[in-house]
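Reader: I would like a close look at one part of this model, set in the context of the rest. Please take the second chain as the part to examine, and bring in the other chain where it helps.

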Amino acid sequence: MIPRFDPGTFTPAPGRGPLGRMLATQVSLETRLALRQGEQVLLTLVIPLALLVGLALLRVVPLPEPRVTSVLGTVLALAVMSTAFTSQAISLGFDRRYGVLRRLAATAVPRWLIVLGRLGGMATVVVVLLVVLAGVALLLGWRPDTGSLGWVLLLVLLGTAAFGAAGVLLGGTLRAELVLAVANIVWFVLLFAGGVLVPVAALPGPLAAVVMLLPSGALAEGLRTALLGGTPTLGQVVVLLAWALIAGGIASRTVRWS
Amino acid sequence: MSGPAVEVRDLVVRYQGRAAVDGLDLDLPAGRVLALLGPNGAGKTTTVEVCEGLRRRDAGEVRVLGVDPAGAPDALRARLGVMPQGGGAYPGVRVREMLGLVAACAADPLDPDWLVELLGLASCARTPFKRLSVGQQQRLALACAVVGRPELVFLDEPTASLDPQGRRLVWELVSGLRADGVAVLLTTHLMQEAETLADHIVIVDHGRVVAQGSPEALTAAGADRELRFRAAAGMDLRLLASALPEGCTVTEPSPGSYLVEGSIDPQVLSAVTSWCARQGVLADDLRIARRSLEDVFLELTGRELRS
């Protein structure tokens, strides 16, 4: 059955939607897409959650007491790395492949708003992860030191920016399959040899020196220190900031829309 | 009265030194439908992408709704509806979500639920994009192109993977857009589509315009009609040939099948039928054919297949 249209059905009435509505719609959609995808949720939430519960309850690895507090720093760093870097890079790689950026670039949305919408989606996922992981840690007996929470939030913010910039750089320049492979390998290497799961102090000397300059080492060490009541070093803050600025700067010049 | 929807003069776009578009001109008046017709690799998509502001040009003048689309100024994009080739969506996004996102970008969009229903997407409204058939993806892309009530719509091969019903629906939609004063620039390699929809057809090949005009003008221009009929094989055509006006020829391309070429007018038809009457034969399958757009197209762009 072929429909017939009433006259006036398509009468032009062009115009850009309100900026706030466009941003809110994109952020909410990107967040739902990230939280709906099985592999992504496994990477960003299930693995950190399993490590949090496992390492806090099973005394297989010696850790500073209180165990849950030591572990929380590790899993927060891991969640930030997984979300902002690996998951972000992979989804950007495939979004480019499927032409969504070109699609959006052909609507009335300003380009800066598309970028802001992506970052907003990523930030929302990080907040969700923070809330879930902190909530479970509380159930496991974590007693937050209110003085350290400011440092924790600052480090998470800087870590998200550093890993996010690197993730956009990777996902925005290579072919989707290559992004998938590289992002997962980097995640795996950083998890074990990048100061996330294994503390920098336990790594061999030359490797430890390198890891201190990586966002993974700086973020994980900084978070563990802050959660146990200490103050992160200036070096850790500077390393994260430098990664965010340098990777972000290169990304803004090299990222391709399709 | 509003100015032209699209004006292109001497457009040149090069890929690695090779000219994909090589001095192309286009004119689309407001509220009309223009079809860019050409074989694969003719430069249709490149031309459309330049007009959409998605691709840079190397030379030439382009005005879309009176504005230079280079750099895709926000104010211009808000007035356009774009259907890129192959659509474009998040791989995991559901049909209704994607259309909702594009609708949210417009000030006064059409009702997305109505469009989903109209385009036969209701049964897959919650299906992720990557699990849709190519035809469904294409219909979603079409919905995204019109949802913002644009003044000018670019449709790049809108029916390339649709079944006949889907194609009819797209044709109805384009007619509806035109009736409401929306200008449409579409690309296609389907002659019938261009002939059915377009006010003006531009045939492109190797990045240049090889012919243009209304469908009627293109099929009539320089093209004489032909008259065919069937009768007993091996008839003596000399008498008929002498009865035909100057410039008309008659041949028997295959036994029993006769072809009169030239300027076919009522006198020619009368000459043929009276000759048949004198011979005592009944001309069977007698028909006068106009050149089809397909003939014009093949004549201009060559018959070899291209990848």
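**Chain B and its partner**

Author: Buried residues account for 43% of the 307 residues in chain B. The model is a predicted one. Chain B contains 11 helices and 13 strands, and its C-alpha trace spans about 75 × 45 × 40 Å along the principal axes. Of the contacts in chain B with a separation of 6 or more, 69% are between residues 24 or more positions apart.

Chain B is split into two domains, domain 1 covering 6-216 and domain 2 covering 226-289. The C-alpha centres of these two domains of chain B are 46 Å apart.

Within the range of domain 1, two places deserve attention for their backbone angles. The background is that most residues other than glycine have a negative phi. Asp10(B), which is not a glycine, has a positive phi near 55°. Asp10(B) sits in strand 1 of chain B, residues 6-15. Asp10(B) counts as partly exposed because it has 14 C-beta neighbours inside 10 Å, and a residue is classed as buried only from 20 such neighbours and as exposed at 12 or fewer.

The second place is His206(B), again not a glycine, with a positive phi of about 50°. His206(B) lies in the loop that joins strand 8 and strand 9 of chain B. With 15 other C-beta atoms within 10 Å, His206(B) is therefore partly exposed.

The surroundings of His206(B) can be described further. Strand 8 and strand 9 of chain B make a hairpin, with two residues between them, and His206(B) is in the turn. Strand 8 comprises residues 200-205 and strand 9 residues 208-213, and the two strands of chain B pair in the antiparallel sense over five bridges. Within this pairing Val202(B) stands opposite Gln212(B), which belongs to strand 9 of chain B. In general, strands of a sheet pair through backbone hydrogen bonds, either parallel or antiparallel.

Next comes a sheet further along the chain. Four strands of chain B form an open sheet in the order 11-12-10-13, with antiparallel pairing. Its edge strands are strand 11 (249-254) and strand 13 (284-289) of chain B, each of which pairs on one side only. From one strand to the next, the twist averages 20°. Strand 10 of chain B, residues 226-230, pairs with strand 13 of chain B in the antiparallel sense over four bridges. Glu226(B) has Ala289(B) in strand 13 of chain B as its bridge partner. As a general point, the side chains of a regular strand alternate between the two faces of the sheet.

The contact with the other chain is the next topic. On the side of chain B, 42 residues are in contact with 35 residues of chain A. The elements of chain B that give two or more residues to this side are helix 2 (74-77), helix 3 (95-104), helix 5 (134-146) and helix 6 (164-179). Helix 6 of chain B provides the largest share, six residues. By residue class, the side of chain B that touches chain A divides into 23 nonpolar, eight polar and 11 charged.

Chain A itself has 10 helices and zero strands. The C-alpha trace of chain A spans about 75 × 40 × 35 Å along its principal axes. Chain A has 258 residues, of which 45% are buried. Among contacts in chain A with a separation of 6 or more, 79% come from residues 24 or more positions apart.

One helix pair shows how chain A is packed. The axes of helix 3 (residues 67-97) and helix 9 (residues 215-227) of chain A come within 8 Å and cross at roughly 145°. The crossing of helix 3 of chain A past helix 9 of chain A is right-handed. On the side of helix 3 of chain A, the residues that meet helix 9 include Thr69(A), Leu72(A), Leu76(A), Val80(A) and Met81(A). On the side of helix 9 of chain A, Ser216(A), Leu219(A), Leu223(A), Arg224(A) and Leu227(A) are among the residues that meet helix 3. The residues of this contact in chain A divide into nine nonpolar, five polar and one charged.

Technical notes. Residues are numbered from 1 along each chain as its sequence is written. Chains are lettered from A and ligands numbered from 1 in the order in which they are written. This is a predicted model: local features need pLDDT of at least 70, side-chain atom pairs count only at pLDDT 80 or more; totals for chains, interfaces and linings use all residues. Domain bounds come from an automatic or database domain assignment. Two strands pair if DSSP finds at least two bridges between them. Two residues are in contact if their C-beta atoms, placed from the backbone, lie within 7 Å. Ala, Val, Leu, Ile, Met, Phe, Trp, Tyr, Cys and Pro count as nonpolar, Asp, Glu, Lys and Arg as charged, and the others, Gly among them, as polar. Axes are lines fitted to C-alpha atoms, for helices over the stretch in contact, and angles run from 0 to 180 degrees between N-to-C directions. A crossing is left-handed if the near helix is turned anticlockwise from the far one by less than a right angle, and right-handed if clockwise.
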